[in-house]
Amino acid sequence: MNVWAACFIEYNSEDELRELLLSGKILPGSWLHIGGGSNLLFTKNYEGTILHSGIKGCELLSETDEAVEVRVGAGERWDDFVKYTVANGWYGAENLSLIPGEVGASAVQNIGAYGVEVKDLIASVEAINVADGMFRRFTNEECRYAYRDSIFKKELKGQYIITHVTYRLGKKAVFRLNYGNVRSELERNACAVTLDNVRRVIVRIRKEKLPDPAEKGNAGSFFMNPFIPKEQFETLKQSYPDLPFFPADNGKVKVPAGWLIEKCGWKGRSMGRVSVYDKQALVIVNDGNATGDEVVRLADAVIASVYEKFGIAIFPEVNYV
Ligand code: EPU
């Protein structure tokens, strides 16, 4: 179902953004900055102002035999940037092919796929302080990256607007092919391991498993994969020996929410005009004209079943507005 915003403003430069913030037109608490909007679920009309970055451009800052540093405008489409890195023979971003959204959001959300997180590539992030228009550059460490998390979602939420991200990419061939079926897909198609082919295979895997948001409303993974204590994992593993897992820090284990949801019988199931996607249970799809509230109702039902069956709390990756 369509929802409306009272006002939408796109700015095209850092100066325009600063001017806007200092103009008094944007009141605290009455604005929302979006990227591509691919991780947002609107449950009602938005009465404030939606801000969007139109800052474009991709500038080569430095180059050695080993690596390049590239500064990219927050409003660039993420996958256009990945395509550009592959065309230039720069390594690092190819596993993140076809992720929807924009460059600015990549640095807020720490997007990740197929064994790579964007934090592995980010050198620094430039941002403007909403309160006084001052510029600040964040080093990678200062961004406090974690799984789908950063300082921009926590302590500094709503306080800074990202204008540019500088990525560091390699010039020497290093591939990460050990996640899921990436390597076996390359082998099955007798493809040489090149940047182009890795991108092609990742795009194909994603298209097979994930619905295209342009065709069917969805936000990719609706939930984050939960981290559970090792002891709880060992107990579960006895009942479910096929439970997939990824070792994590601090005595925790990451388990796939998609697997838990499928085991609860949700894969392919609908509730009214909303369904759990039949090829990937981590995705919720709008089958047509469903409201945001209907999506939330299905998500809540899924969360409740996973907790009831496994005693594991799962949380949305999607932000509700
Ligand atoms: N699985 C099932 N049933 C399902 C879905 C998954 O049993 O319906 C199992 C798979 O068999 C596999 C494991 O769960 O053993 C992991 O599945 P998959 O590789 O599809 O990845 P995921 O954990 O479901 C995460 C990211 C995706 C990313 C993929 C690939 C999150 C929340 N999601 O999904 O990111 O593309 O890994 O790296 O971490 C996104 O964030 O929007 C997104 C699509």
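Is F233 buried or exposed? At 5% relative accessibility, F233 counts as buried. I'll come back to that residue. One caveat before the tour: this is a predicted model.

Let's start with the parallel strands. Strand β4 covers residues 46-53. Seven of its eight residues are buried, so to speak of β4 as mostly covered is fair. Strand β1, residues 5-11, pairs with β4 in the parallel sense, over six bridges. Within that pairing, F8 has I50 of β4 as its bridge partner. Strand β2, residues 31-34, also pairs with β4 in the parallel sense, this time over four bridges. There, H33 stands opposite L51.

Next, the antiparallel sheet. It is open and has five strands. Read across, the order is β5-β6-β11-β9-β10. The edges are β5, residues 58-63, and β10, residues 135-139. Each of those two pairs on one side only. On average, neighbouring strands here are turned by 20° against each other, direction ignored. Look at β9 and β11 in particular. Strand β9 spans 122-129 and β11 spans 160-170, and seven antiparallel bridges join them. One position to click on is I122, which stands opposite Y167 in β11.

Two helices lie across this sheet's strands. Helix α1, residues 14-22, lies across β6, β9, β10 and β11. Its angle to β9 is about 35°. Helix α2, residues 78-87, lies across β5, β6 and β11. That helix runs at about 20° to β11.

Now the interior. Which residues have the most contacts inside the largest nonpolar core? They are W78, V125 and Y167, in a core of 43 residues. Several elements give two or more residues to this core: β6, α2, α3, β9, β11, α4 and α5. Take W78 on its own. Leaving out residues up to four places away in sequence, W78 touches L96, I99, G101, E102, V103, S106, I111, V118 and Y167. Apart from this core lies another, of 33 residues. Its members include F222, L236, Y240 and V295.

On to the rings. How many aromatic pairs are there? The count comes to 16. Here are two of them.

The first example is F138 with Y160. Their ring centres are 5.2 Å apart and the planes sit at 90°, so the pair is edge-to-face. F138 is in strand β10 and Y160 in strand β11, 22 residues apart, so to call this a link between distant parts of the chain is fair. Both residues are buried.

The other example brings back F233, with F245 as its partner. The centres lie 4.8 Å apart and the planes meet at 50°, so this pair is tilted. F233 sits in helix α6, residues 230-239, while F245 sits in the loop between α6 and β14. Twelve residues separate them. Their exposure is worth setting side by side. F233 is buried, at 5%. F245 is partly exposed, because its relative accessibility is 39%.

Rings also form a cluster: ring pairs link W78, F81 and Y167. W78 and Y167 were among the residues with the most contacts in the largest core.

Last item, cysteines. How many disulfides does the structure hold? Zero. For two cysteines, here is the exposure. C191 counts as partly exposed, because its relative accessibility is 24%. C264 counts as buried, at 18%. The cut-off for buried is under 20%.

That's the tour.

How values were computed:
Residues are numbered from 1 along each chain as its sequence is written. This is a predicted model: local features need pLDDT of at least 70, side-chain atom pairs count only at pLDDT 80 or more; totals for chains, interfaces and linings use all residues. Side-chain values use heavy atoms; hydrogens and water are left out. Buried means under 20% relative accessible area, exposed over 50%, partly exposed in between (1.4 Å probe, protein chains only). Two strands pair if DSSP finds at least two bridges between them. A disulfide is a pair of cysteine sulfur atoms within 2.5 Å. Axes are lines fitted to C-alpha atoms, for helices over the stretch in contact, and angles run from 0 to 180 degrees between N-to-C directions. Contact means heavy atoms within 4.5 Å. A nonpolar core is a set of buried Ala, Val, Leu, Ile, Met, Phe, Trp, Tyr and Cys residues joined through side-chain atoms within 4.5 Å. Rings of Phe, Tyr and Trp (its six-membered ring) pair if their centres lie within 6.5 Å; planes under 30 degrees apart count as stacked, over 60 as edge-to-face and the rest as tilted.
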